[in-house]
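Q: I would like to learn how to read a protein model, one feature at a time. Could we go through it slowly, with the general idea before each case?

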Amino acid sequence: MIKSARRAVHTLGSDASMEDIATAAGTSKSVFYRYFGDKAGLQQAVGKVVLSQMQRRIQEAAQSAVTPREGLLAMVTAYLQMASTSPNVYTFVTRPAAEPGGPQEPAAGSAALGHFFDAVADMIATPMRSHLGDGKEAVIGYWPKAAIGLVRNAGEQWLTTPDSPTKPGQEAMARQITAWLCVGIAPELPRLNAPDA
């Protein structure tokens, strides 16, 4: 049923109703309610599967890297690839659930999502710890979560930006995000602050 729901969301969109999802899956809405309780329950069940697949893919990408920066690039690339494979499914598992006309349920899927981002933060912190050594707990303790915020927000904005000549391709976006993570916008600042000639 989760596979059927995932296919339905991929086709119909992240705001598809339980009735739409059930119909596309070839069953009744009551069957989905019996198994998942409500849309938030379905979102959480699909989220567990999708996010665990993303986590495995990101971990595999990070393990093949030689340097911390290569590891970050590999992880960002894997994240963007997985999210862009089905933006509807990605949005479905990372956004609050709501039936049309009903209230949003912010807790829906949050446990799986929180576990996913905690696991990714640990993946980032581990090589940083061995690379930076002792005495850098402030960086190791805070930076991975901050990095995830940057990656997620930039990635989601990129994902929802319509295609245009100015929209970066997936590889270019992954490299840009990695550069922001590693050196920030410092390379741009001299040009912004340069005195007029």
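A: Let us begin with a definition: a residue is called buried when its relative accessible area is under 20%, exposed when that area is over 50%, and partly exposed in between. Please keep in mind throughout that this is a predicted model.

Q: With those cut-offs, is Phe-32 buried or exposed?
A: Phe-32 has a relative accessible area of 1%, and because the cut-off for buried is under 20%, Phe-32 is buried.

Q: Where does Phe-32 lie, and how far along the chain is Phe-36?
A: The general idea is that an α-helix has 3.6 residues a turn, so residues three or four places apart point the same way. In this structure Phe-32 and Phe-36 both belong to helix H3 and are 4 residues apart, which is about one turn of the helix. Phe-36 counts as buried too, with a relative accessibility of 16%.

Q: How do I describe the rings of Phe-32 and Phe-36 as a pair?
A: A pair of aromatic rings is described by the distance of the centres and the angle of the planes. The structure holds 4 aromatic pairs. For Phe-32 and Phe-36 the centres are 5.7 Å apart and the planes stand at 35°, so this pair is tilted. Tyr-35 and Phe-36 form another tilted pair, with 6.5 Å from centre to centre and 50° between the planes. Tyr-35 itself counts as exposed, at 57% relative accessibility, and the ring pairs link Phe-32, Tyr-35 and Phe-36 into a cluster.

Q: How many salt bridges does the structure hold?
A: Side chains of opposite charge can pair when their charged atoms come close. The structure holds 6 salt bridges. One of them joins Glu-19 to Lys-29, where the closest N and O atoms are 3.9 Å apart; this pair links distant parts of the chain, since Glu-19 is in helix H2 (residues 18–24) and Lys-29 is in helix H3 (residues 29–36), 10 residues apart. Both partners count as partly exposed, Glu-19 with a relative accessible area of 47% and Lys-29 at 35%.

Q: Which parts of the chain does the salt bridge between Glu-156 and Arg-95 tie together?
A: In this salt bridge the closest N and O atoms are 2.8 Å apart. Glu-156 lies in helix H8 (residues 137–160), while Arg-95 lies in the loop between H6 and helix H7 (110–132), so the pair ties together parts that are 61 residues apart in sequence. Glu-156 counts as buried at 10% relative accessibility, whereas Arg-95 is partly exposed, with a relative accessible area of 34%.

Q: Is Asp-163 buried or exposed, and what is the case for Lys-167?
A: Asp-163 forms a salt bridge with Lys-167, the closest N and O atoms being 3.6 Å apart. Asp-163 counts as exposed at 72% relative accessibility, but Lys-167 counts as buried at 17%. Elsewhere, salt bridges that share partners join Arg-95, Arg-152 and Glu-156 into one network.

Q: What does Thr-94 touch, leaving aside residues up to four places away in sequence?
A: With those sequence neighbours left out, Thr-94 touches Leu-113, Arg-152 and Glu-156. Thr-94 has its place in helix H6 (residues 87–94) and is buried, with a relative accessible area of 8%. The side chain of Thr-94 also reaches the backbone oxygen of Tyr-90, at 2.8 Å.

Q: How can I check the span of helix H4?
A: The idea is to compare the span expected from 1.5 Å a residue with the distance between the end C-alpha atoms. Helix H4 (residues 39–63) has 25 residues and should span 36 Å; its end C-alpha atoms are 36 Å apart, which agrees. H4 nevertheless bends by about 25° at Gly-47. At the N-terminal end of H4, Asp-38 acts as a cap, with a side-chain oxygen 3.2 Å from the backbone nitrogen of Ala-40.

Q: How far apart are Pro-68 and His-131, in sequence and in space?
A: Here one sets the separation along the chain beside the distance in space: Pro-68 and His-131 are 63 residues apart in sequence and 7.7 Å apart in space, C-alpha to C-alpha. Pro-68 is in helix H5 (residues 68–85) and counts as partly exposed at 33% relative accessibility.

Definitions and conventions
Residues numbered from 1 in each chain as written. Predicted model: local features only at pLDDT ≥ 70, side-chain atom pairs only at ≥ 80, totals over all residues. Heavy atoms only, no water. Helix = DSSP H or I, 4+ residues; strand = E, 2+ residues; numbered from the N terminus. Buried < 20%, exposed > 50% of the residue type's maximum accessible area, 1.4 Å probe, protein only. Polar contact = N/O pair within 3.5 Å; in protein donor to acceptor, adjacent residues only side chain to side chain. Contact = heavy atoms within 4.5 Å. Expected span 1.5 Å × (residues − 1). Bend = angle between axes of the 7 residues up to and from the residue. Salt bridge = Lys/Arg side-chain N within 4 Å of Asp/Glu carboxyl O. Phe/Tyr/Trp six-rings, centres within 6.5 Å; stacked < 30°, edge-to-face > 60°.
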